[in-house]
Amino acid sequence: MSSSSAMVRILIKGGKVVNDDCTQEADVYIENGIIQQVGKELMIPGGAKVIDASGKLVLPGGIDTSVHLEESFMNATTVDDFYSGTKAALAGGTTMVIGHVLPEKNESLLEAYEKCRHSADSKACCDYALHIGVTWWGPKVRAEMEKLVRDKGVNSFQMFMAYKDMFMLRDSELFQVLQHCKDIGAIARVHAENGELVSEGAKEALDLGISGPEGIEISRPEELEAEATHRAITIANRAHCPIYLVNVSSMSAGDVVATAKMQGKVVHGETTTAHTVLNGMQYYHQDWSHAAAHVTVPPLRLDPNTPNFLMSLLGNDTLNVVGSDHRPFTVKQKAMGKDDFTKIPHGLPGIQDRMSVIWEKGVIGGKMDENRFVAVTSSNAAKIYNLYPRKGRIIPGADADVVVWDPEGSKIISVENQVQGGDINPYEGLRCHGVPIVTISRGRLVYENGMFTCAEGSGKFCPLRTFPDYLYKKMVQREKVLEIPVLKKGNIIEKVEGWLKINQSCTNLS
């Protein structure tokens, strides 16, 4: 596709425009990569390509907040790079992805970032941004976080309470990182599992002769996620830092998040497509390859009510975002753990299927309406990562990242016809009602009725600004309440009474 393609004029006629807060019948006119007009009977210049959206919905392009592309992990490299992965995203109605950079222990965060940018810039077909993993802690990491925020357009960092001896931070280190995130206005993403007890659980399972994929669930019970979730929120509250919990996978962890929100703590949660659809009985499948294909962390949960529960939490805003956590491996790569479940690479594909699967299980399943669907797949991510309303909303002046969605259309998911890489699809055979028929990225028609017109490297890196209001506004208000009043007499009783008033005010914050 030529670089002049961004100048193409597009008129989407006859559809219903769906934002996170309203639905309206309106036409959408796009020019120079920007949405220029939204309304009825628009006055537009000639020569526009007209897309008939009668009977269709016009949605903001999806934003996938968690993808792993070209990543080496557990002695395996994901089978999608930034070209094949972002191409698959566009086919599924996602127009922006946020990828992970996970430095090795003692590796420079800046060098890991630059290495990823070098590869991604020449391959990405859609807009992208990057999370940087804080996989170790020290003065160098602190300084590099500041530089990444100030000079490199990074506004989010991911910390791990799991992966002992690999990525895991101790509580004191996590506390210091969260304090630093607050000071520089970054988004603190935390993977919450009790890494120490997970490690002990894995040893116990292997000692008992449990070596198959079921060991992943046995060694990582949901109480270890719930405990770590509570601990992460407690540490963040002490650090006065908003916290964003990733991969929320269980009912008990979801309850912890809900309770914290009711207490007025600044907590946001992200779950994954897989956790809202699949359950852990997959690990007991008689076909080892099938069972291993579903190994991810935290594991899918045995309780069959869990996916329904998590989808309900997305529907009622206890959880805010659903990402694919796309980390695809082949059957052969998974087989590295044939005799030891701790060596099965963790990860599932899903970058292409996220939108349709959530529509099927969330909207068709009665857990959310089309506006909430837009919120959890696009708008909330845009707000959290400081992209809104440039992305995540269809209004004049926004980037022309637009999807024409057919709510009556359907498809059967299969590894045979997927664009994403790999020879495994956990949603194999699932019929989804609700499919993208046209995807527009920055005003470029990149996907239409199964045909691609996107060029490798045509996507752009999106620098992200710090201190997003969606996270920090409430925190600023809390800080005002938490300020200790200056007492002239210095009487200890007055100080105690002051604290009691402050604590009562904090309890009433919601």
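1. Start with Val17, which stands opposite Val58 in strand 7. In this predicted model, the two strands involved are strand 2 (residues 16-18) and strand 7 (residues 57-60), which run parallel and are joined by two bridges. Try finding Val17 and Val58 on your screen before you read on.

2. Now zoom out from that pair. Strands 2 and 7 belong to an open sheet of seven strands, with the order 3-2-7-18-19-20-21. The pairing in this sheet is mixed. Which strands form the edges? They are strand 3 (23-25) and strand 21 (451-452), each of which pairs on one side only.

3. A helix packs on this sheet as well. Helix 13 (residues 370-384) touches strand 2, strand 3, strand 7 and strand 18 (402-412). The direction of helix 13 makes about 30° with that of strand 7.

4. Next, have a look at strand 11 (residues 94-101). Is this strand buried or exposed? Eight of its eight residues are buried, so strand 11 is largely enclosed by the rest of the structure.

5. Who are the partners of strand 11? Strand 8 (residues 62-67) pairs with strand 11 in the parallel sense, over four bridges. Within this pairing, Asp64 stands opposite Val97 of strand 11. Strand 12 (residues 127-133) also pairs with strand 11 in the parallel sense, here over six bridges. In that pairing, you can look for Gly99 opposite Leu130 of strand 12.

6. Follow the chain from strand 11 to strand 12 and you will meet a nice motif to practise on. Strand 11, helix 2 (residues 109-121) and strand 12 make a right-handed β-α-β unit.

7. Here is a point about cysteines. How many disulfides does the structure hold? It holds zero. Cys454 shows why a bond is missing there: the closest cysteine sulfur, in Cys125, is 4.0 Å from the sulfur of Cys454, too far for a bond, since a disulfide needs the two sulfur atoms within 2.5 Å. Cys454 counts as buried because its relative accessible area is 13%, under the 20% cut-off. Cys432 has 0% relative accessibility, so Cys432 is buried too.

8. Finally, a word on annotation. In an unreviewed entry, UniProt lists residues 57-446 as "domain: Amidohydrolase-related". In the model, this span is 36% helix and 20% strand. The C-alpha atoms at the two ends of the span lie 18 Å apart.

Definitions and conventions. Residues numbered from 1 in each chain as written. Predicted model: local features only at pLDDT ≥ 70, side-chain atom pairs only at ≥ 80, totals over all residues. Heavy atoms only, no water. Buried < 20%, exposed > 50% of the residue type's maximum accessible area, 1.4 Å probe, protein only. Pairing = 2+ DSSP bridges. Right-handed = clockwise from strand over helix to strand, strands pointing away. Contact = heavy atoms within 4.5 Å. Axes fitted to C-alpha atoms, helices over the stretch in contact; angles between N-to-C directions. UniProt positions renumbered as here; feature names shortened; annotations may be inferred.
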